[in-house]
Amino acid sequence: MSSTVSNSQGILQPGGYGSHDPRTNSTSGSFGVPESESNENEEAGLVSVSWNQDSSCFAAGTSHGFRIYNCEPFKETFRRELKNGGFKIVEMLFRSNILALVGGGPNSQYPSNKVLIWDDHQSRCISEFSFRSEIRSVKLRRDRIVVVLEHKIYVYNFMDLRLLHQIETQANPRGLCCLSHHSNTSVLACPGLHRGEIRVEHFGLNMVQIINAHDSSIACMTLTLDGLLLATASTKGTLIRIFNTMDGTRLQEVRRGVDRADIYSIALSPNVQWLAVSSDKGTVHIFSLRVRVVGEDSYSTENNALLTQQTYSNSLQGLVSPTTGTNPGSSLSFMRGVLPKYFSSEWSYAQFHVSEVTQFFAAFGSHNTVAIIGMDGSFYRCSFDPVNGGEMGQLEYFHFLKTDNRTE
């Protein structure tokens with residue numbers, strides 16, 4: 001079966017598929033092309049929110065279509081109101097015209113087992129993927145399309161839609177999967193075949209690293225843009241761990257709290273100095289990272305990418321830069337090994353409080369700021385003090401579904 005696909009520059013390339021491919025692909029068919037319709041008299045319900053790859057934008061899937069928002073400055077950049085319902089997955093590709101859409105939400109006529117690759121410059125569907133089971137998530141990078149089902153992950157080449165890899169996972173109802181986004185690294189992280197296990201694929205090196213990250217099942221994970229660091233949390237939700245993806249070494253462990261929590265998001269700052277975590281406890285936590293990348297701009301391939309961890313010491317000299325604080329610990333940390341483990345833990349450096357009754361997802365902005373989006377339609381932009389930490393200050397708040405901040 002032949003098809004067409006567009007890359008982020010809008011170039012169309014024909015492609016072919018073998019009989020091993022578990023999905024069909026076409027530029028038209030049962031999924032069809034979304035039909036635009038004005039729904040000005042109806043209030044759209046929020047179905048999903050998701051960041052783009054560098055967190056400069058976010059997408060909102062609604063009961064009537066989808067909307068795209070810029071973060072700095074905050075602005076709705078465009079929206080598509082559709083006749084046939086909304087989307088539970090709206091995956092952006094940086095700021096390009098390409099989106100991956102999966103139907104969902106109340107009264108959606110778009111199936112949850114099909115991916116629509118949408119080119120918004122052409123205002124049309126350029127490809128369609130059908131599967132036998134519900135799609136849990138879709139991830140994009142400039143050369144790959146990754147479709148996550150509950151027990152399997154499919155990796156396709158973006159230019160010709162050729163199936164490149166199939167990865168078996170344990171039950172993955174959250175659709176956990178993350179990708180690197182540097183052109184010189186090609187890394188994918190996903191749940192392994194056993195509880196608490198993460199599989200890291202270094203496609204450029206033809207290497208697989210299995211990391212036994214937690215005793216409980218994995219609840220959330222993220223990679224740095226270069227794919228060399230991995231942050232994880234389990235369904236217990238008390239500890240967040242940082243790993244070197246090249247050799248699986250655990251580099252740092254920080255504590256969100258003592259009680260169980262459902263972790264909604266983990267974010268790593270672009271300079272790898274900070275970690276943000278949101279959960280159902282109603283607090284966004286910021287942690288200081290002690291992990292340093294050796295020769296920040298000195299590597300050109302995964303082969304010479306080196307990571308190091310600087311050992312914790314009382315003086316803290318050489319651990320963190322003079323302008324960066326450190327995570328507080330318990331005053332009883334000198335009794336580590338005698339008292340329970342949480343007495344020697346690293347706790348959050350800065351915090352921001354949100355509602356406990358909705359899901360919030362955090363990401364880093366510029367100049368020590370954090371953006372937070374909620375399933376109640378909230379957008380916060382906050383700042384934290386990199387020297388003293390403490391409670392973050394609120395810079396902006398918008399209710400993005402109700403506030404008219406469209407680009408004129």
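This passage describes the overall make-up of a predicted model and then a few of its buried residues and one cavity.

Because the model is predicted, local features rest on pLDDT of at least 70 and side-chain atom pairs on pLDDT 80 or more, whereas totals for chains, interfaces and linings use all residues. Residues are numbered from 1 along each chain as its sequence is written, and side-chain values use heavy atoms, with hydrogens and water left out.

The protein contains 33 strands and 0 helices; both kinds of element are DSSP runs numbered from the N terminus, with helices (H or I) needing at least four residues and strands (E) at least two. Of the 408 residues, 56% are buried, where buried means under 20% relative accessible area, exposed means over 50%, and partly exposed lies in between (1.4 Å probe, protein chains only). Contacts, defined by heavy atoms within 4.5 Å, often span the chain: among those between residues at least 6 apart in sequence, 47% join residues at least 24 apart.

A helpful place to begin a closer look is Ser180. This residue sits in the loop that runs between strand S15 (178-179) and strand S16 (187-191), and it counts as buried because its relative accessible area is 0%. The side chain of Ser180 makes polar contacts, meaning pairs of N or O atoms within 3.5 Å; within protein, one atom must be able to donate a hydrogen and the other to accept it, and residues adjacent in sequence count only if both atoms are side-chain atoms. One partner is the backbone nitrogen of Val187, at 2.9 Å, and another is the backbone oxygen of Thr185, at 3.2 Å. Leaving aside residues up to four places away in sequence, the residues that Ser180 touches include Arg141, Leu223, Asp226 and Gly227.

Ser180 also helps to line a cavity. The whole structure holds 2 cavities of 30 Å³ or more. On a 1 Å grid over the protein atoms alone, a cavity is a set of points where a 1.4 Å probe fits but cannot get out, and lining residues have an atom within 4 Å of a point. Grid points are joined across faces, edges and corners, and the volume is the space filled by probe spheres set on the points. The second largest cavity encloses about 50 Å³. Besides Ser180, its lining includes Arg141, Arg144, Leu179, Ser186 and Phe203, and strands S12 (144-148) and S16 each supply at least two lining residues. By class, the lining has 6 nonpolar, 2 polar and 2 charged residues, with Ala, Val, Leu, Ile, Met, Phe, Trp, Tyr, Cys and Pro taken as nonpolar, Asp, Glu, Lys and Arg as charged, and the others, Gly among them, as polar.

The cysteines come next. No disulfide, that is, a pair of cysteine sulfur atoms within 2.5 Å, turns up in the whole structure, the search giving 0. For Cys178, the nearest cysteine sulfur belongs to Cys177 and is 6.4 Å away. Cys178 is buried, because its relative accessibility is 9%, and Cys125 is buried at 2%.

Two further buried residues complete the picture. Gln252, in strand S22 (residues 250-255), is buried at 2% relative accessibility. Its side chain lies 2.7 Å from the backbone nitrogen of Arg290 and makes a polar contact of 3.2 Å with the side chain of Glu346. Val272, in the loop between strand S23 (263-268) and strand S24 (274-279), is buried at 10%. The C-alpha atoms of Val272 and Leu229 are 8.8 Å apart, although 43 residues separate the pair in sequence.

Notes:
On a 1 Å grid over the protein atoms alone, a cavity is a set of points where a 1.4 Å probe fits but cannot get out, and a pocket is an open set with protein on both sides within 12 Å along at least five of seven lines; lining residues have an atom within 4 Å of a point.
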